[in-house]
Amino acid sequence: MSTDAGSLDALLTEDRMFPPPPDFAGRSLVTDAEIYTRAAADREAFWSEWAAELHWFEPWTTVLEWEPPYAKWFVGGKLNVSYNCLDRHLDGPKAKQQALIWEGEPGDTRTFTYEELYVEVCAFGNALKGLGVTKGDRVTIYLPMVPEAAIAMLACARIGAIHSVVFGGFSPESLSDRNNDAAAKVLITADGGWRRGGIVPLKANADAALASSPTIEHVVVVRRGGALSDQVDATMLAGRDHWYHELVAAAPSDCEPESMDAEDTLFILYTSGTTGKPKGVVHTTGGYLTQVAATTKLVFDLQEDDVYWCTADVGWITGHSYIVYGPLANGTRVLMYEGAPDTPDRGRFWELCEKYGVTVFYTAPTAIRAFMQWGDDWPAKFDLSRLRLLGTVGEPINPEAWMWYQKAIGGGRCPIVDTWWQTETGAIMITPLPGITATKPGTATRAFPGIDVSIMNDAGDATNAGYLAITSPWPSMLRTVWGDDQRYRDTYWSRWDNVYFPGDGAKIDSDGYLWILGRVDDVLNVAGHRIGTMEVESALVDHPAVAEAAVVGKTHDIKGQSIAAFVTLRDAFPSSDALLTEIRDHVGIKIGAIAKPEMIVFTADLPKTRSGKIMRRLLRDIAEGRAVGDTTTLADPTVVAKLQAMHAEDES
Ligand code: PRX
């Protein structure tokens with residue numbers, strides 16, 4: 001566990017409590033803690049009440065079938081996710097209400113009412129059908145944060161195709177790996193997207209990936225528009241590549257929603273694990289939408305007049321569940337923004353909050369720490385008085401950042417919901433309910449109603465400090481790893497009997513609040529992005545000069561963690577700054593810029609046990625500049641001193 005005991009004790013003595021402000025609690029959706037006891041008394045009844053809020057073409061016959069580790073929720077039920085996000089809002093006033101409010105990095109805007117979004121989704125659904133996409137086919141989506149990203153997801157859901165969204169920051173090689181693992185038939189991309197004033201050349205990246213993506217038959221290319229499309233001249237391969245706008249213009253605008261089984265796959269989302277190969281997390285339809293819709297409504301306490309903004313990218317699970325499916329299922333107004341928080345200046349997010357009257361704002365601790373470093377003056381320039389609720393997700397939030405968020409952004413009047421969950425859980429699992437939970441800086445407080453969480457030791461006994469564990473199946477849980485049931489069982493269900501292991505350490509305090517302490521496996525969390533140490537190591541050793549590599553996380557003020565790599569070179573390659581840059585860039589080529597190590601130390605040897613296992617614990621100590629722990633099991637104890645000397649040189 002990376003959190004050291006000293007800072008943990010400081011966290012656990014955190015005694016600042018923030019009860020829900022009376023104004024907020026007065027109009028909140030949840031006003032009574034009996035929701036917890038009611039849900040605990042009959043979890044299945046609780047979740048079926050939420051499922052019943054959705055529109056089903058056919059009702060389910062059994063709420064839960066649990067044959068560990070395989071769960072089926074709402075068995076026999078038929079529904080369509082896009083119908084629930086769009087069609088069912090069209091009967092009343094919501095038809096004309098804004099669904100998606102979009103702003104590009106350069107300031108161009110587009111908005112869609114529910115009715116307009118419905119028309120667009122239907123047309124694109126038909127366009128995909130026209131390309132031969134049928135129920136169960138896989139479609140890769142590799143887009144910037146443009147409305148078409150949400151439209152493409154909903155269009156897939158409408159026709160029963162399985163989407164696999166790949167974050168636009170991933171490299172061509174990562175993209176083709178994902179295309180191939182899912183055997184995707186169609187790839188949806190764009191000519192490019194804006195990021196910090198620069199162009200992300202998505203079509204060019206896609207073309208590079210397509211050279212080794214044999215299953216892709218068609219490519220749909222969104223024209224980003226504006227100055228970007230004037231500058232980027234995407235090469236279109238006749239017969240394979242199609243412009244999105246041309247397909248949509250030619251497609252009929254009514255598209256019957258496919259009647260999907262509750263357990264049909266809605267999407268695959270690749271995420272890093274402890275091996276070099278990302279896993280395709282599989283989410284299904286009925287249970288996923290039920291929990292995503294319920295948590296969006298209660299955790300964000302959605303009100304009729306809300307303007308909701310989640311700053312995640314649709315390439316991550318947060319974008320799936322809390323930009324697209326949860327908010328639209330609830331018929332709220334969703335703001336979507338293409339760019340970075342510091343372009344053209346560091347006031348960009350607050351300018352958007354003011355301009356659109358954002359009421360609910362959901363972001364990551366890494367962003368909050370950056371805002372904090374940029375200073376109070378930026379948010380102070382803007383009118384943030386419409387904000388009423390703030391959220392955070394992705395990593396533990398340090399109490400200073402929490403306090404700053406509460407004061408500088410929330411003006412001291414907005415509750416903060418610190419939400420713990422994962423790609424695999426699909427939806428929020430641990431969180432305050434903002435109308436009733438007294439919050440404490442740094443803790444996600446307690447499990448959402450209907451979710452069973454415990455802290456366990458290796459033996460599976462409940463303890464106050466150990467591993468986080470989820471002890472009952474939940475509706476939005478992953479169903480398997482795409483094409484790899486064995487990996488599903490090994491990764492999540494092999495530590496204890498029939499209990500899910502999320503990979504996080506946790507403690508419980510005297511108020512019964514849960515403190516999430518970070519990953520206990522070889523998974524890093526860099527600026528809220530999940531990266532496996534093995535993935536980076538594989539990318540490093542792929543470089544011809546690298547003989548061996550070990551990667552560890554290093555504490556970083558803004559990013560939470562940064563990547564430190566210890567690399568031994570092959571004899572024929574003398575170390576040099578140029579080689580260091582080349583190796584770092586190689587990781588960018590293999591995975592994407594987010595995985596480039598911030599620190600690379602060349603070393604003649606790595607600290608290993610006598611059985612040859614790399615002692616990452618020692619490398620973490622060295623990277624952090626800490627006193628090095630027990631070295632008695634090392635095969636060659638002098639390695640550590642040499643490494644320390646080298647690292648000291650590197651830092652100076
Ligand atoms: O370590 C936990 C951390 O992020 C991991 C999940 O990462 P990912 O699947 O990429 O999903 C991120 C967005 C849901 C978890 O295993 N994590 C997420 N939220 C929190 C958190 N750690 C502490 N507090 C949180 N609120």
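**Ligand shell**

I count a residue as near the ligand if one of its heavy atoms lies within 4 Å of it. The model I am reading is predicted. I looked up the shell first. It holds 17 residues, and D418, T419, T423, D504 and R530 come nearest.

I then went through polar contacts. T419 offers a polar backbone atom, 2.7 Å from a nitrogen atom of the ligand. P396 also takes part through its backbone: a polar atom there is 3.4 Å from a ligand nitrogen. D504 uses its side chain instead, with an N or O atom 2.8 Å from an oxygen atom of the ligand. How much of the ligand does the protein cover? I find 95% of the 540 Å² of accessible area that the ligand has on its own. Three elements give two or more residues each to the shell: α13 (317-329), β20 (416-419) and β25 (514-519).

**H283**

Next I checked H283. I find it in strand β15, residues 279-284. Is H283 buried or exposed? Its relative accessible area is 0%, so I log H283 as buried. I listed its contacts, leaving aside neighbours within four places in sequence. They include T265, L266 and F267, then Y288 and I317. The run T423, E424, T425 and G426 also touches H283, as do S476, M477 and L478. T423 was already in my notes, as one of the residues that come nearest the ligand.

**Helix α12 and F300**

I measured out α12 by calculation. Its 14 residues, 286-299, should span 20 Å at 1.5 Å a residue, and the end C-alpha atoms are 20 Å apart, which agrees. How many of its residues are buried? I count 13 of the 14, so the helix is mostly covered. D301 follows α12 and has a positive phi, near 50 degrees.

F300 drew my eye for its packing. In the largest nonpolar core, of 120 residues, F300 is among those that touch the most other members, along with L117, F124, I188 and Y325. Helix α7 (residues 147-159) gives this core its largest share, 10 residues. Another core lies apart from it, with 39 residues, among them V166, I531, V551 and I600.

I also listed what F300 contacts beyond four places in sequence. T295 and D306 are there, with Y308, Y322, V360 and Y362. R388, L389, V417 and I428 complete the list.

**C353**

C353 sits in helix α14, residues 348-356. I note it as buried because its relative accessibility is 2%, and the cut-off is under 20%. Its contacts, again without neighbours within four places, are W309, V358, F361 and L384. I also checked its distance to T290: 63 residues apart in sequence, 29 Å apart in space, C-alpha to C-alpha.

**Helix α20**

Last, I turned to α20, residues 577-590. It has 14 residues and reaches 20 Å from first C-alpha to last, close to the 20 Å expected at 1.5 Å a residue. Which of its residues are buried? I find L579, L580, I583, H586, V587, G588 and K590. A reminder on the pattern: an α-helix has 3.6 residues a turn, so residues three or four places apart point the same way. What covers the buried residues of α20? The cover includes helices α8 (172-182) and α19 (533-541). Strands β28 (546-556), β29 (560-569) and β30 (599-602) contribute too. After α20 comes G592, with a positive phi near 150 degrees.

Terms used. Residues numbered from 1 in each chain as written. Predicted model: local features only at pLDDT ≥ 70, side-chain atom pairs only at ≥ 80, totals over all residues. Heavy atoms only, no water. Helix = DSSP H or I, 4+ residues; strand = E, 2+ residues; numbered from the N terminus. Expected span 1.5 Å × (residues − 1). Buried < 20%, exposed > 50% of the residue type's maximum accessible area, 1.4 Å probe, protein only. Core = buried A, V, L, I, M, F, W, Y, C linked by side-chain atoms within 4.5 Å. Contact = heavy atoms within 4.5 Å. Polar contact = N/O pair within 3.5 Å; in protein donor to acceptor, adjacent residues only side chain to side chain. Areas by Shrake-Rupley, 256 points an atom, 1.4 Å probe, with all protein chains shown as cover.
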